[in-house]
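Work through these exercises with the sequence and the 3D view side by side. Try each task before you read its solution.

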Amino acid sequence: MASENKFEIKDLDFYYSDFEALEAITVNIRKNTITAFIGPSGCGKSTFLRTLNRMNDLIEGAKVEGSVTLDGTDIYTADTDVVDLRRRVGMIFQQPNPFPLSIYENVAYGPRIHGIKNKAKLDEIVERSLTNAALWKEVKDKLNQPGTDLSGGQQQRLCISRVLAVNPEVLLMDEPCSAIDPTSTQKIEDLMDQLKENFTIVIVTHNMQQAARVSEYTAFFLAEDTNKPAHLIEYDLTDVIFTNPSDKRTENYITGRFG
């Protein structure tokens with residue numbers, strides 16, 4: 001039977017040059033679920049998120065030890081096609097970052113890079129991607145307007161549609177709602193709930209209520225000293241983490257005693 005895990009991470013250590021930021025991270029991320037990473041600022045959540053599509057490779061001196069497998073294949077081997085990996089494992093950042101292009105060209109950009117030139121095919125991809133990001137109805141009559149003219153929440157959904165346009169399997173979301181208003185946050189959360197039917201989603205969030213609302217699994221990270229590496233303290237079903245955590249440090253964080 002095929003594995004229910006999309007990612008399997010074992011004994012992962014991560015270094016920024018000589019500084020060890022993450023130590024001995026072992027966790028599985030299940031397919032077609034939403035997994036939330038929580039923990040105080042500076043505890044390695046976003047760093048770990050970026051190990052899942054090798055975004056940290058862009059940082060000079062960054063080094064990974066241990067294994068990260070995607071559908072059973074180690075993504076840190078020398079022959080890994082990193083461009084294709086980042087297509088399969090797309091990322092949505094904290095600040096919406098639409099390209100200085102039209103709404104249409106923002107979404108069509110990735111497919112064009114991957115060789116799709118046919119206008120009818122691009123039209124189909126743009127409409128489907130914007131629809132899947134719950135944005136089509138709002139922008140279908142202004143596709144030639146700059147993406148930067150949209151509201152913050154709409155820009156974030158445009159960035160999601162841009163990722164969806166290249167047929168990813170995983171969506172990594174690094175605090176995707178922290179820079180937008182509550183109404184837009186609700187739309188993004190509703191969207192995530194729809195998207196998990198077809199995608200595996202991993203979200204970094206400082207919002208405990210958001211983690212409890214949207215995720216099925218939660219991982220709690222903690223660095224107990226700024227000069228020491230962060231660890232994965234606890235990983236379980238979200239309901240368990242928030243109602244009956246096994247580690248006192250998890251309980252203390254969730255109840256606001258620190259962090």
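The exercises below use a predicted model, and each task is followed by a solution in steps.

**Exercise 1. A salt bridge across the chain**

Task: Find the salt-bridge partner of E169 and state where both residues sit.

Solution:
- Step 1. Look for the partner. E169 forms a salt bridge with R88.
- Step 2. Read the distance. The closest N and O atoms are 2.8 Å apart. The cut-off is within 4 Å.
- Step 3. Place the residues. E169 lies in the loop between α6 (152–164) and β7 (170–174). R88 belongs to helix α2 (residues 82–88).
- Step 4. Count along the chain. The two residues are 81 residues apart, and the pair links distant parts of the chain.
- Step 5. Check the surface. E169 has 24% relative accessibility, so it counts as partly exposed.
- Step 6. Widen the view. K6, D71, R88 and E169 are linked in a network of salt bridges.

**Exercise 2. Two further pairs**

Task: How many salt bridges does the structure hold? Then describe the pairs R112 with E105 and E138 with K187.

Solution:
- Step 1. Take the total. The structure holds 20 salt bridges.
- Step 2. Take R112 and E105. Their side chains meet in a salt bridge at 2.9 Å, N to O.
- Step 3. Classify both ends. Partly exposed means between 20% and 50% relative accessible area. R112 has 28%, so it is partly exposed. E105 has 25%, so it is partly exposed.
- Step 4. Take E138 and K187. Their side chains form a salt bridge at 4.0 Å, N to O.
- Step 5. Place this pair. E138 is in helix α5 (residues 136–139), and K187 is in helix α7 (residues 182–195). They are 49 residues apart, and the pair links distant parts of the chain.
- Step 6. Classify again. E138 is partly exposed because its relative accessibility is 31%. K187 is partly exposed because its relative accessible area is 38%.

**Exercise 3. Helices that cross**

Task: Are α3 and α4 roughly parallel or roughly perpendicular? Then treat α4 and α6 in the same way.

Solution:
- Step 1. Start with α3 and helix α4 (residues 119–132). Their axes come within 9 Å and cross at roughly 115 degrees.
- Step 2. Name the arrangement. That angle makes α3 roughly perpendicular to α4.
- Step 3. Add the handedness. The crossing of α3 and α4 is right-handed.
- Step 4. Move to α4 and α6. They pack at an angle of about 130 degrees, with their axes 8 Å apart.
- Step 5. Name this arrangement. α4 and α6 are therefore oblique to each other.
- Step 6. Add the handedness. α4 passes α6 in a right-handed crossing.

**Exercise 4. A nonpolar patch**

Task: Which residues make the nonpolar surface patch of about 290 Å²? Locate Y109 and classify its exposure.

Solution:
- Step 1. List the members. L101, Y109 and I113 make the patch.
- Step 2. Locate Y109. This residue is in helix α3 (residues 103–113).
- Step 3. Classify Y109. Its relative accessibility is 40%, so it counts as partly exposed.

**Exercise 5. Positive phi in two strands**

Task: What is the phi of D11, and what is the phi of A24?

Solution:
- Step 1. Recall the usual sign. Most residues other than glycine have a negative phi.
- Step 2. Read D11. Its phi is positive, about 50 degrees, although D11 is not a glycine.
- Step 3. Locate and classify D11. The residue is in strand β1. Its relative accessible area is 44%, so it is partly exposed.
- Step 4. Read A24. Its phi is near 55 degrees, also a positive value in a residue other than glycine.
- Step 5. Locate and classify A24. The residue lies in strand β2 (residues 19–30). A24 has 45% relative accessibility, so it counts as partly exposed.

**Exercise 6. Distances between C-alpha atoms**

Task: What separates the C-alpha atoms of Y16 and D247, and those of Q145 and I29?

Solution:
- Step 1. Locate Y16. This residue lies in strand β1 (residues 5–16).
- Step 2. Read the first distance. Y16 and D247 are 231 residues apart along the chain, and their C-alpha atoms are separated by 28 Å.
- Step 3. Locate Q145. Its place is in the loop between α5 and α6.
- Step 4. Read the second distance. Q145 and I29 are 116 residues apart along the chain, and their C-alpha atoms are separated by 38 Å.
- Step 5. Classify the two located residues. Y16 is partly exposed because its relative accessibility is 26%. Q145 is partly exposed because its relative accessible area is 38%.

Definitions and conventions:
Residues are numbered from 1 along each chain as its sequence is written. This is a predicted model: local features need pLDDT of at least 70, side-chain atom pairs count only at pLDDT 80 or more; totals for chains, interfaces and linings use all residues. Side-chain values use heavy atoms; hydrogens and water are left out. Patches are made of residues with over 30% relative accessible area and no salt bridge: like charges are joined within 9 Å, nonpolar side chains (Val, Leu, Ile, Met, Phe, Trp, Tyr) within 5 Å. Accessible areas come from the Shrake-Rupley method with a 1.4 Å probe; for residues, only the protein chains shown count as cover. Helices (H or I, at least four residues) and strands (E, at least two) are DSSP runs, numbered from the N terminus. Buried means under 20% relative accessible area, exposed over 50%, partly exposed in between (1.4 Å probe, protein chains only). Axes are lines fitted to C-alpha atoms, for helices over the stretch in contact, and angles run from 0 to 180 degrees between N-to-C directions. Angles under 35 degrees count as roughly parallel, over 145 as roughly antiparallel, 65 to 115 as roughly perpendicular and the rest as oblique. A crossing is left-handed if the near helix is turned anticlockwise from the far one by less than a right angle, and right-handed if clockwise.
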